[in-house]
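Thanks, everyone. I'll keep this short and talk about ligand surroundings. Please have a look at the model first.

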Amino acid sequence: MASVQAAKRALRAELKRRLRALGEGEKRRQSGRLARQVMQHARYQASQRIAVFLSLPDEVQTAEIIKDIFQQGKECFIPRYQPHSNHMDMVKLASYQEIASLPVTSWNIHQPAEEDVREEALSGAEGLDLILMPGLGFDRTGNRLGRGKGYYDAYLSRCLQHPKGKPYTIALAFKEQMCESVPVSENDVKVDEVLFEENKTQH
Ligand SMILES: Nc1nc2c(c(=O)[nH]1)N(C=O)[C@@H](CNc1ccc(C(=O)N[C@@H](CCC(=O)O)C(=O)O)cc1)CN2
Ligand SMILES: Nc1ncnc2c1ncn2[C@@H]1O[C@H](COP(=O)(O)OP(=O)(O)OP(=O)(O)O)[C@@H](O)[C@H]1O
Ligand SMILES: [Mg+2]
């Protein structure tokens, strides 16, 4: 339905305005609290294979979470997306320190080069246990508005085909990213939980 696309476009613009108004200190403060919430989360503690995004400046910062994943002896996977499609893999990251040495994409996100051969999370029987999800906006029923390329929706539908089934999904949000309701279409996959300051929603 065309009107859903228009509603998404309008909400993305509104959310980008809200995010631009957020100061660096406030983003750091909320990110610190959310990182602790993740580390204390039973689903996180029980997860061995975790996919996490390398945060952009307007997203909840994930550096402390990534360090903890390695400290806890868990396995860490990061996005490798193909710019001109909606294809994304989650590939193995060897260490926190490795991130700085990875090339950057046109969106200025570190990711391994296409020819860099790495384990893809869904290539083996183990799959993924948990995906920490980015996004521009969320509502309390788990609807998610991304950056409009469908990478995560397409990836989650691939996860559904995997013998292990869909991993648990937790979105990380600044409280300014919470919306009354997010417009969705058939391809949109809900997240299991949205973590934001002082509160959380579970479905
Ligand atoms: N940190 C992070 N990594 C990620 C994602 C993400 O949302 N966050 N992705 C999740 O998909 C994939 C990359 N997809 C992206 C899609 C768009 C933009 C982006 O900056 N878009 C512009 C406007 C796009 C346009 O021209 O229409 C923007 O948002 O300002 C960035 C990443 C994989 N890696
Ligand atoms: N599972 C899928 N298979 C094929 N195309 C898809 C799938 N999911 C979404 N798409 C397509 O991707 C495009 C963008 O979708 P949408 O606007 O929901 O992006 P988004 O959820 O904001 O982005 P992202 O998931 O990358 O954060 C749409 O044209 C949609 O039809
Ligand atoms: Mg979507």
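Start with ligand 1. Its shell divides into 11 nonpolar residues, one polar and four charged. Keep in mind that this is a predicted model.

Who comes nearest? Of the 16 residues around ligand 1, the nearest are Lys16, Leu54, Glu59, Trp107 and Arg147. Three of those names come back when we turn to polar contacts.

Take Glu59. One of its polar side-chain atoms lies 2.7 Å from a nitrogen atom of ligand 1. Next, Leu54. Here the backbone is involved: an N or O atom of the Leu54 backbone is 2.8 Å from a nitrogen atom of ligand 1. Then Lys16. An N or O atom in the Lys16 side chain sits 3.0 Å from an oxygen atom of ligand 1.

How much of ligand 1 does the protein bury? Taken alone, ligand 1 exposes 680 Å², and the protein buries 80% of that. As for the site, ligand 1 takes up the space of the largest pocket.

Now the secondary structure. β2, residues 75–81, supplies at least two residues of the shell around ligand 1, and α5 also supplies at least two.

Hold on to α5, please. On to ligand 2.

Which helix gives the most to the shell around ligand 2? It is α5, with five residues. That helix spans 151–161. α1, residues 2–20, supplies at least two residues of this shell as well. So α5 turns up in the shell around ligand 1 and in the shell around ligand 2.

The makeup of the ligand 2 shell is three nonpolar residues, six polar and seven charged. Set that beside ligand 1, with its 11 nonpolar, one polar and four charged.

Of the 16 residues around ligand 2, Arg12, Arg144, Tyr151, Asp153 and Asp188 come nearest.

Polar contacts again. The Arg144 side chain has an N or O atom 2.4 Å from an oxygen atom of ligand 2. Gly150 uses its backbone: an N or O atom there lies 3.0 Å from a ligand 2 oxygen atom. Asn187 uses its side chain, with an N or O atom 3.1 Å from an oxygen atom of ligand 2.

What about burial? Ligand 2 taken alone exposes 640 Å², of which the protein buries 75%.

And where does ligand 2 sit? In the largest pocket. Ligand 1 takes up space there too.

That's the tour. Thank you.

Definitions and conventions:
Residues are numbered from 1 along each chain as its sequence is written. Chains are lettered from A and ligands numbered from 1 in the order in which they are written. This is a predicted model: local features need pLDDT of at least 70, side-chain atom pairs count only at pLDDT 80 or more; totals for chains, interfaces and linings use all residues. Side-chain values use heavy atoms; hydrogens and water are left out. A residue is near a molecule or strand if one of its heavy atoms lies within 4 Å of it. A polar contact is a pair of N or O atoms within 3.5 Å; within protein, one must be able to donate a hydrogen and the other to accept it, and residues adjacent in sequence count only if both atoms are side-chain atoms. Accessible areas come from the Shrake-Rupley method with a 1.4 Å probe; for residues, only the protein chains shown count as cover. On a 1 Å grid over the protein atoms alone, a cavity is a set of points where a 1.4 Å probe fits but cannot get out, and a pocket is an open set with protein on both sides within 12 Å along at least five of seven lines; lining residues have an atom within 4 Å of a point. A molecule sits in a cavity or pocket if more than half of its atoms lie within 2 Å of its grid points. Helices (H or I, at least four residues) and strands (E, at least two) are DSSP runs, numbered from the N terminus. Ala, Val, Leu, Ile, Met, Phe, Trp, Tyr, Cys and Pro count as nonpolar, Asp, Glu, Lys and Arg as charged, and the others, Gly among them, as polar.
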